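Please open the structure in a viewer and keep the selection panel at hand. The stops below are meant to be visited in order.

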Amino acid sequence: MTIEEIQQEIAEDFALFDNWEDKYAYLIELGKQLPPMPEELKTEDKLVKGCQSKVWLHAYMKDGKLYFLADSDALIVKGIVSLLIKVLSGHKPEEIARANLHLIEDIGLKQHLSMTRANGLVSMIKHMKAYAEAVNSQP
Amino acid sequence: MSSLTNSTLDVHAIRQEFPVLHQHINGKPLVYFDNAATSQKPRVVIEALKQYYEQYNANIHRGAHHLAVRATEAYEQSREAARRFLNASSTDEILFVRGVTEAVNLVADCLSRSLLQEGDEVLISAMEHHSNIVPWQMACERTGATLKVIPVKENGELDTAQADALLSARTKVLSVVHISNALGSINPVKELIRKAKARGALTFIDGAQGAVHLPIDVQDLDCDFYAFSGHKVYAPTGIGVLYGRRSVLEKLPPYHGGGEMIKEVTFEKTTYNELPFKYEAGTPNIADAIALRYAIEFVEQIGKEAMLHHEQALLHYATDLVSRIDGLQVIGQAKEKAGILSFVIEGVHHHDIGVLLDNMGVAIRTGHHCTQPLMRCLGLEGTSRASFAVYNTPEEVERFAEALKKAANMLR
């Protein structure tokens with residue numbers, strides 16, 4: 001599936017919830033299910049700084065595709081992080097670099113994102129794209 | 001509950017004066033418990049701003065026309081209100097600033113250009129807000145003075161025995177917070193001031209929370225400086241007050257140059273204006289300064305004692321309700337405490353709490369509250385904080401506690 005198709009699928013999943021509680025319960029569940037990031041990777045240089053919660057982000061290349069591992073100390077942020085990984089991980093760097101990410105708005109969390117300083121999510125997206133661009137620009 | 005209903009103030013009438021409180025957030029009536037960050041504004045304050053801009057907007061102190069005279073009078077009446085609010089002996093000692101942050105910067109900067117020298121010490125506490133740490137660090141870097149820190153005990157009280165040990169003839173300045181924004185602890189500032197004075201140190205009290213919760217008398221406290229921010233005292237943002245003892249202000253150099261602060265300027269030399277104008281360079285924040293007076297009068301009308309009683313009743317009620325939540329620990333259990341409730345819940349991140357509460361219409365603060373060194377001392381990343389104001393009700397406390405319980409359950 002393309003990045004766009006995955007985003008659409010997630011948006012459809014979220015459209016099934018008719019109240020905020022179910023939506024957040026689902027996000028929390030996704031957060032809990034996110035495969036754990038190896039502790040040795042959670043180093044200072046992997047930390048995406050936000051004001052309120054920590055997000056660790058690690059990227060690696062395999063067979064020409066870019067993969068991400070991430071974790072957060074806050075569950076809701078971790079839920080959103082897991083969605084971002086679902087969308088972006090395992091694609092070619094050039095696809096990630098030019099991806100139009102509208103998922104967070106689509107699932108009605110824009111308000112969450114606009115607390116920008118609060119959760120480091122915006123920086124996380126920037127970092128994911130920066131990884132992709134860095135790999136992409138290598139000869 | 002009974003002590004709450006016996007409260008002398010009419011909360012429901014007071015609430016009517018705050019337009020912003022009557023709205024729904026995420027489909028639920030707003031509960032605003034982020035008052036330590038900023039308070040909401042009563043109609044009289046909003047009206048004062050509107051009146052100024054609609055009826056007599058003018059620059060002050062130099063104009064010869066009607067509007068300028070009116071604006072100048074209103075501005076100076078506000079200074080008088082602030083003098084009364086702090087019980088300063090003269091309006092010469094009342095400087096308008098943007099807020100506590102600017103006040104600390106002003107004092108630290110002026111002292112670093114006059115009094116402070118290498119080998120001197122500046123004494124602050126471990127529970128200071130960044131605004132009462134960073135300007136002193138900058139002053140120390142500039143002069144070679146050393147920053148010393150009074151530790152905080154586990155219950156959130158200042159370790160006053162340590163303060164005694166740290167005070168010495170080298171201490172040139174003691175700068176401490178009156179009420180901790182992160183813990184609610186009310187510090188024994190009068191006693192600290194007395195001890196610091198005995199060593200010949202100047203004293204600065206950060207009254208960002210103190211001025212809204214406690215009656216303040218700078219003459220009784222005998223401090224050299226006391227600062228508060230208007231926006232936490234029901235006044236607009238961008239205006240605050242620095243009280244400075246006249247004898248000290250007269251000796252200090254000016255802060256910013258230009259405009260109001262001059263007596264005479266030639267290219268060779270400038271002589272400075274008298275107090276308080278020596279410290280008010282440029283066109284000041286006239287509208288917000290004028291509106292500050294209405295906020296002060298609003299507080300005076302209700303009475304600080306009644307407000308304190310009301311807020312502490314809310315604090316006790318909230319503490320009692322949230323303490324029943326599994327794994328919840330109140331951070332800051334000082335005996336003397338203002339209406340600020342900080343807490344952590346085992347296994348639950350404060351940011352998640354904040355987000356879920358917001359979805360239930362409850363606004364609280366989460367994070368390190370700009371007191372990172374304090375959080376580090378306490379071994380915490382941050383806390384959730386509910387802080388109360390005169391317009392908050394026991395029913396809101398109940399809704400907050402219910403919402404918190406639900407959020408904690410969702411996150412475990």
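The tour goes from one chain as a whole to the nonpolar cores, and then to individual residues of the other chain. Please bear in mind throughout that the model is predicted.

**Chain A.** Select chain A first and colour it by secondary structure. Eight helices and three strands appear, and from the N terminus their order is α-α-β-β-β-α-α-α-α-α-α. Of the 139 residues in this chain, 49% are buried. Among contacts in chain A with a separation of 6 or more, 64% join residues 24 or more positions apart.

**The largest nonpolar core.** Next, select L86(B), Y226(B), Y234(B) and Y391(B); of the 83 residues in the largest nonpolar core, these touch the most other members. Add helix α12 (residues 286-302) of chain B, which supplies ten residues, the largest share of this core. Colouring chain B by domain is helpful here, as the core draws at least three residues from each of domain 1 (11-32 + 303-411) and domain 2 (46-301). A separate core comprises 74 residues, including Y24(A), I28(A), L83(A) and I353(B).

Return to Y226(B) and display its surroundings. Beyond its neighbours within four places in sequence, Y226(B) contacts, among others, L86(B), H178(B), I205(B), V218(B), L221(B) and Y243(B).

**E93(B).** Move to the loop between α4 (66-86) and β4 (94-97) of chain B, where E93(B) is located. Which side chain of opposite charge is nearest to E93(B)? It is that of R246(B), 5.1 Å away; E93(B) is buried but has no salt bridge, because a salt bridge requires the charged atoms to be within 4 Å. The side chain of E93(B) does, however, reach the backbone nitrogen of R246(B) at 2.8 Å. Showing further contacts of E93(B) brings up residues including A88(B), L242(B), Y243(B) and L249(B).

**Backbone geometry.** Most residues other than glycine have a negative phi, and most peptide bonds are trans. In the loop between α4 and β4 of chain B, select N87(B); this residue is not a glycine, yet its phi is positive, at about 50°. N87(B) counts as partly exposed, with 30% relative accessibility.

Then select H369(B), in the loop between β16 (365-367) and α15 (372-378) of chain B. Phi of H369(B) is also positive, near 55°. Is H369(B) buried or exposed? With a relative accessible area of 4%, H369(B) is buried.

Finish at P276(B), in the loop between β12 (270-272) and α12 of chain B. The peptide bond leading from L275(B) to P276(B) is cis, with omega near -5°.

Methods. Residues are numbered from 1 along each chain as its sequence is written. Chains are lettered from A and ligands numbered from 1 in the order in which they are written. This is a predicted model: local features need pLDDT of at least 70, side-chain atom pairs count only at pLDDT 80 or more; totals for chains, interfaces and linings use all residues. Side-chain values use heavy atoms; hydrogens and water are left out. Helices (H or I, at least four residues) and strands (E, at least two) are DSSP runs, numbered from the N terminus. Buried means under 20% relative accessible area, exposed over 50%, partly exposed in between (1.4 Å probe, protein chains only). Lys and Arg count as positive and Asp and Glu as negative; His and the chain ends are not counted. A polar contact is a pair of N or O atoms within 3.5 Å; within protein, one must be able to donate a hydrogen and the other to accept it, and residues adjacent in sequence count only if both atoms are side-chain atoms. Contact means heavy atoms within 4.5 Å. A nonpolar core is a set of buried Ala, Val, Leu, Ile, Met, Phe, Trp, Tyr and Cys residues joined through side-chain atoms within 4.5 Å. Domain bounds come from an automatic or database domain assignment.
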